[in-house]
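Here is a quick tour of a protein fold and the charged pairs in it. Have a look at the sequence and the structure before reading on.

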Amino acid sequence: MRHARTGSKLGRDSAHRKALYANLAGAVIEHGRIKTTITKAKAVKPIAEQMITLGRRGDIHARRQAIAFLRSKSIVHKLFTEVGPAFAQRPGGYLRITRIGPRQGDAAEMAYLELVDTPLVFKTKLSDAPAVAERPAASVNEEEPEEADELEGDEAENDELEELESEEPDEEPEAAAAADEPVAEKPKKS
């Protein structure tokens, strides 16, 4: 019986679980954000925060402890040169878990495990989206009716559509030619 045994097994034996934690913690340090299941994110978050604390210490013993767990000198180098000094003034809480909903295939609850200094996921998506181009408010002369401005905008849209239509036929003959070519059949072995 597992009385007072904390942490989930994640369906792995201890060696596989330790390797998983090392890989996920290294990926968070290397990339700043990883997408994983909520259970794995909750399991690896304290371990990755311990590694960042070692990076903040910066001494040779901490570096050796980090290399023993993470097993990658390049990730440990980044931890001690970039990530650790970036959190030097922060007393803890270096990572956050942002839930992003169920996964397509098996409906497992997914989340981003990311460093706190990175922008929030939902805010980066909004900022990455192109801003809606608003038409500048033109000064309307009393002599010109407002319908003239609307016609000019419609003509500009028509010009853009014509340009797009002129580009599309260039791609279609290549695709049609590729579809018309016969596929060579492999000889059957007897």
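What follows goes from the overall fold to the sheet, then to the helices on it and the salt bridges.

**The overall fold**

Keep in mind that this is a predicted model. The protein has 6 helices and 3 strands, and along the sequence they come in the pattern α-β-α-α-α-β-β-α-α. Of its 190 residues, 28% count as buried. The accessible surface comes to about 14400 Å², and carbon and sulfur atoms hold 51% of that area. Taking contacts between residues at least 6 apart in sequence, 52% join residues at least 24 apart.

**The sheet**

The 3 strands make an open sheet in the order β1-β3-β2, with antiparallel pairing. That leaves β1 and β2 as the edge strands, each pairing on one side only. From one strand to the next, the twist averages 25°.

How many bridges hold each pairing? There are 5 between β1 and β3, and 7 between β2 (residues 95-102) and β3. For the β1 to β3 side, two partner pairs are worth picking out: Lys35 has Tyr112 as its bridge partner in β3, and Thr36 has Ala111. On the other side, Arg96 stands opposite Glu114 in β3.

Strands β2 and β3 also form a hairpin, with 6 residues between the strands. Within that hairpin, Ala107 takes a positive phi near 60°.

So how enclosed is β3? Because 6 of its 7 residues are buried, β3 is largely enclosed by the rest of the structure.

**Helices on the sheet**

Helix α1 (residues 14-31) lies across β1, β2 and β3 and runs at about 150° to β1. Helix α2 (residues 38-57) packs on the sheet too, touching β1, β2 and β3. The direction of α2 makes about 165° with that of β2.

**Salt bridges**

Side chains of opposite charge can pair when their charged atoms come close. A search of the whole structure turns up 4 salt bridges, and the table lists three pairs with their N to O distances.

| Pair | N to O distance |
|---|---|
| Arg33 and Glu114 | 2.6 Å |
| Arg103 and Asp106 | 2.9 Å |
| Arg57 and Asp59 | 3.5 Å |

Which parts of the chain does the Arg33 and Glu114 pair bring together? The side chains of Arg33 and Glu114 meet in a salt bridge. The pair links distant parts of the chain, with Arg33 in β1 (residues 33-37) and Glu114 in β3 (residues 109-115), 81 residues apart.

Is each partner buried or exposed? Glu114 counts as buried because its relative accessibility is 0%, under the 20% cut-off. Arg33, at 28%, counts as partly exposed. There is also a wider link here: Arg33, Arg96 and Glu114 belong to a network of salt bridges. Arg96 is the residue already met opposite Glu114 in the strand pairing.

The other tabulated pairs can be read for exposure as well. Arg57 is partly exposed at 46% relative accessibility, and its partner Asp59 is partly exposed at 35%. In the remaining pair, Arg103 is partly exposed, with a relative accessible area of 36%.

To pull the picture together, β3 sits between β1 and β2 in the strand order, and Glu114 of that strand takes part in the network with Arg33 and Arg96.

Conventions
Residues numbered from 1 in each chain as written. Predicted model: local features only at pLDDT ≥ 70, side-chain atom pairs only at ≥ 80, totals over all residues. Heavy atoms only, no water. Helix = DSSP H or I, 4+ residues; strand = E, 2+ residues; numbered from the N terminus. Buried < 20%, exposed > 50% of the residue type's maximum accessible area, 1.4 Å probe, protein only. Contact = heavy atoms within 4.5 Å. Areas by Shrake-Rupley, 256 points an atom, 1.4 Å probe, with all protein chains shown as cover. Pairing = 2+ DSSP bridges. Axes fitted to C-alpha atoms, helices over the stretch in contact; angles between N-to-C directions.
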